[in-house]
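This report concerns a predicted model. Please examine the sequence and the structure before reading on.

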Amino acid sequence: MQQQRIIYDDTTTRRFITASLLFGVVGLLVGVIVAAQLAWWQLNFGIPYLTFSRLRPLHTNAIIFAFVGNMMFAGVYYSTQRLLKARMASDLLSNIHFWGWQAIIVAAAITLPLGITTSKEYAELEWPIDLAITLVWVVFAINFFWTLAKRNEKNLYVAIWFYIATIITVAVLHIVNSLALPLTAMKSYSVFAGVQDALVQWWYGHNAVAFFLTTPILGIMYYFLPKAAERPVYSYRLSIVHFWALVFIYIWAGPHHLLYTALPDWAQSLGMVFSVMLWAPSWGGMLNGLLTLRGAWYKLREDPVIKFLIAGVTFYGMATFEGPLLSIKSVSALGHYTDWIIGHVHGGALGWNGLMAAGMFYWLVPRLYGTKLHSVKAADLHFWTSTVGILLYIVSMWASGINQGLMWRATNPDGTLMYPNFVETLLAIRPMYIVRVVGGTLYLGGFLMMIWNLWKTARSGQAVDGETTVVVEEKQDEMVEGKPAWVFILTGWPMWISLAVIALGIFLGWATPTRAIIIMVAMVALGQLAFVLAKRNRVAGRPSWFAVIEGRPFAFTVLTLVAILIGGVAELLPTIMVKQAVPHHGEAQQPYSPLELQGRDLYVREGCYVCHSQMIRPFLAEAQRYGDVSRAEEFIYDHPFQWGSKRTGPDLHRLGGKYPNLWHYTHLMDPRATSPGSNMPPYQWLSENKIEVKLAPKKLALMQKLGVPYTREDVDGAEVRQKAQGEAIAADLATQGVKVEWDSEMVAIISYLQRLGRGPQDLPKSTTPPPTATSEGGI
C-alpha cells in the first residue's frame, strides 16, 4: 500500500471544449442559413455547394458530431479521470483521438457540400471517412478501457456506466450501418437494399440519437449536476433501473421511424411497443436529475450553471415524452414527414444537448483556468436568449407540422382532396419558417455571447491541471460467497430473471392481445419476485449482485453488449436473412438501366432525398395525391434506399411517366415555371455538367456483386445502352426547342425521375406541353 500523486490530463479536455465551441458556431450558422433558404429560396444563390439539400447534412453532422461530439469527449475525459482517480492511460492516444476527430470533421465539411454522400441520415460520410471514424473510435475505446483497467477506484460510478454503453453501442451501430462496397475513392454502395437498408439505417439512426446524443450526455448529467448542486444523486437505485432499462429498450425502437411504410408489420409494431415503453426509463432519469436539486432549488436564482443544467434535463423530459408519443401509429400518421419531427429533433438537440453543453462549459472553464466566470449576467442573458430562441423554433415547427399533416389529408365532402396542389401547404406554413429563422438566430446569438464570456474567463486565468493523491492497494482476486466472482454473476438470480423478462419482451411484439396481457402480467410478476429477492438479500446482509458487476468493468461491458445485441439481432436478422421478408416477383423489380443508375447517383449527390420521400403510405389521401401504395418488392435493387424522412416537396415514388421530359427539364431549370410558389432552388448546372460515361460498366458490375441480376452482356453493353437512352431523351427535348447533350447530368437525372415507380418498358414518350401548378408541383 502506497500513496501516489496523480496529475490529470486536462489539456485534452480544454482542446475538446475549444473545438466544440468553434464547430458549434459553424453548425448553428449553417442551420440558420438553411432555415432561411426554406423561407427565401434565393439564398441558395444558384451555387451547387450552397443548396439547402447539400448544406442540411452538413448542418446535422456539424451539430451532432462536431459540436455535441467534442462536448461529449470533453466531459468524458474530465469526469472519467476523477471518477477513476487515474490519469488517462495514454497521452498519445488522447492526442490521436483529438486530432483524428477534428480531421474527420474537416473532411465532412469539405465532402458534404461537394455532394459526396451516402444519403444515409446521420451517416452520410463516404467509406474512407467511415474507416477513419472506426479507427479513431477504437483509439478512444482503448484509451478509455485501459484507464478503467488501471483505475484506483474500485466501483464504477453511474456516469461510467453510460460511457461504457456509448462506446460499445456506437461501435456496433457504425460498423453494421456502414457496410458498403466501394466504387471509387469517394463513392460506395450500401450492401443492404430497400426494406433491409431502411431497417438497418433507422436502427442506426434512432440509436445514434440514443447512444451518441443521449447516453453520454446522461453520464455527464450524473457527474456535473451533482457537482454543480453540491448534492448527491437523488437515487442510486433509480439510476440502476434507468441505465439498464434504457440500454435494453432503446435499441428496439428504430422501426418507429418507418411506420406505415413497406417495412413488415411485425417490425413496425415491435418498434412502436418498445418506443412507448421508453417513457418509463427516460422519465425516471429525468426525475433523478431534477430531484438531485432537492434542498438547493434556490440556486436556480443565483447560479447560471444550474439554470442551464436543469433546463437541459427538462428539455430531455419533453423530448422523451414527445418521441414515444410520435411513435404511436395514429400520431405518426399525422406527424411523419412534417415539420413536427423537425421541432421534436431540435427540442432535443438545442434544448437537451445545447443547454447541457452550456452548463458544463460554464462550470468547467473557470476550473480549467483557475479563475471565476467573467460575467454571470452575460451567462444569464445567454440562458434567456437561448430559451426564447428554442421555444420560438419548436413551437413554430409544431404549428407548421400539424398544419402540414392536416392539409395533406383534408378532403372535400365528395372525397376529393381539399388542397390538391402541394405548394398550397408550403405557402400556408411560410410564416412559421420565418419564425424559425428568428428563433435560430436568437439561439446563435446566445451561443456567441457564451464564447465571448468563456474567452474572457480563460484570459483572466491560466491553464491548470487537476491533481489528487490516492492510496494504491495491491489488487487481489476476490471471492464472493466462497466462489469466484464470475460464477456468482452467471448463477445469480438477477441474471436469470433478466433473461426471462427479455424473452417475454421479445415475444410481446408478435403476441395477440390476449397473449400480450398474459405476457405483461408475467413480466410484472417477475419484477415483483426480483423486488422480494433483493429485499431478502439486503436483510440477510448478502452481497448485491449489481455491486459485484459494478466493480468489474469487463463483466459490466459484456452484459451491456449482450443487452444491446439482443434487440439488434432480433429485429434485423429476420428481415435481412429471410428471403420471404421481401417477395421476389413482379415487373417493378427490373434493375435500373445504366443511365438511370447514373441519374440515381445524381439524385443522391444533390440531396433530393432531403426534401422528397419515395414512400406512399396506405392512406386514401396519399393514394389520391401520389398514386398506388408503395410495396416492399419495388425497392429490392435500391442501394441505398431513398424513402426519405421529410416532405418539403411531394412524394416522388410514382412520378415516372406522369410528366414529359420537357416538364422535368423546365422544373429543374426554374421550379417556379412549373410550380408557382415553390421554394426549390434551380439546378441549372445539371444541363452543363457531364456524367462519367466510363463509370457505367463499373457501376453495373459492382451492383452485380451486391445481388442485382445484371448479366455479363448488361455490363459489357452498358455504355451503348446508356448512350441510346440518353440520345432518345435528348432528341425528345430537341423536338420542343431544348438543346442538351445526351451525356449531360440533366438527361441522366430525367431518366431516373421518369423511371420512378415504373418498369423500364413503361418509360413515358409523351411530348405534350408541361403542366403548371399541378397537384404534383415540386417544392
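The sections below treat a pair of packed helices and then an internal cavity.

## Packing of α2 and α4

Two packed helices are described by the angle between their axes and the distance between the axes. In this predicted model, helix α2 spans residues 52–84 and helix α4 spans residues 127–149. Their axes lie 10 Å apart and form an angle of about 15°. Because angles under 35 degrees count as roughly parallel, α2 and α4 are roughly parallel to each other. The crossing in which α2 passes α4 is left-handed.

## Residues at the helix contact

On the α2 side, the contact is made by Met 72, Phe 73, Val 76, Tyr 77, Thr 80 and Leu 84. These residues meet Trp 137, Phe 140, Asn 143, Phe 144, Thr 147 and Leu 148 in α4. By class, the residues of this contact comprise 9 nonpolar and 3 polar, with no charged residue.

## The second largest cavity

The structure holds 7 cavities of 30 Å³ or more. The second largest has a volume of about 340 Å³. It is lined by 30 residues, of which Cys 608, His 612, His 667, Leu 668 and Met 680 are the closest to its centre.

The elements that give two or more residues to this lining are α1 (11–39), α2, α24 (661–669) and α30 (745–755). The largest share, 4 residues, comes from α24. In terms of residue class, the lining of the second largest cavity consists of 17 nonpolar, 10 polar and 3 charged residues. Helix α2 thus appears in both parts of this report: in the contact with α4 and among the elements that line the second largest cavity.

Technical notes:
Residues are numbered from 1 along each chain as its sequence is written. This is a predicted model: local features need pLDDT of at least 70, side-chain atom pairs count only at pLDDT 80 or more; totals for chains, interfaces and linings use all residues. Side-chain values use heavy atoms; hydrogens and water are left out. Axes are lines fitted to C-alpha atoms, for helices over the stretch in contact, and angles run from 0 to 180 degrees between N-to-C directions. Angles under 35 degrees count as roughly parallel, over 145 as roughly antiparallel, 65 to 115 as roughly perpendicular and the rest as oblique. A crossing is left-handed if the near helix is turned anticlockwise from the far one by less than a right angle, and right-handed if clockwise. Contact means heavy atoms within 4.5 Å. Ala, Val, Leu, Ile, Met, Phe, Trp, Tyr, Cys and Pro count as nonpolar, Asp, Glu, Lys and Arg as charged, and the others, Gly among them, as polar. On a 1 Å grid over the protein atoms alone, a cavity is a set of points where a 1.4 Å probe fits but cannot get out, and a pocket is an open set with protein on both sides within 12 Å along at least five of seven lines; lining residues have an atom within 4 Å of a point. Grid points are joined across faces, edges and corners, and a volume is the space filled by probe spheres set on the points.
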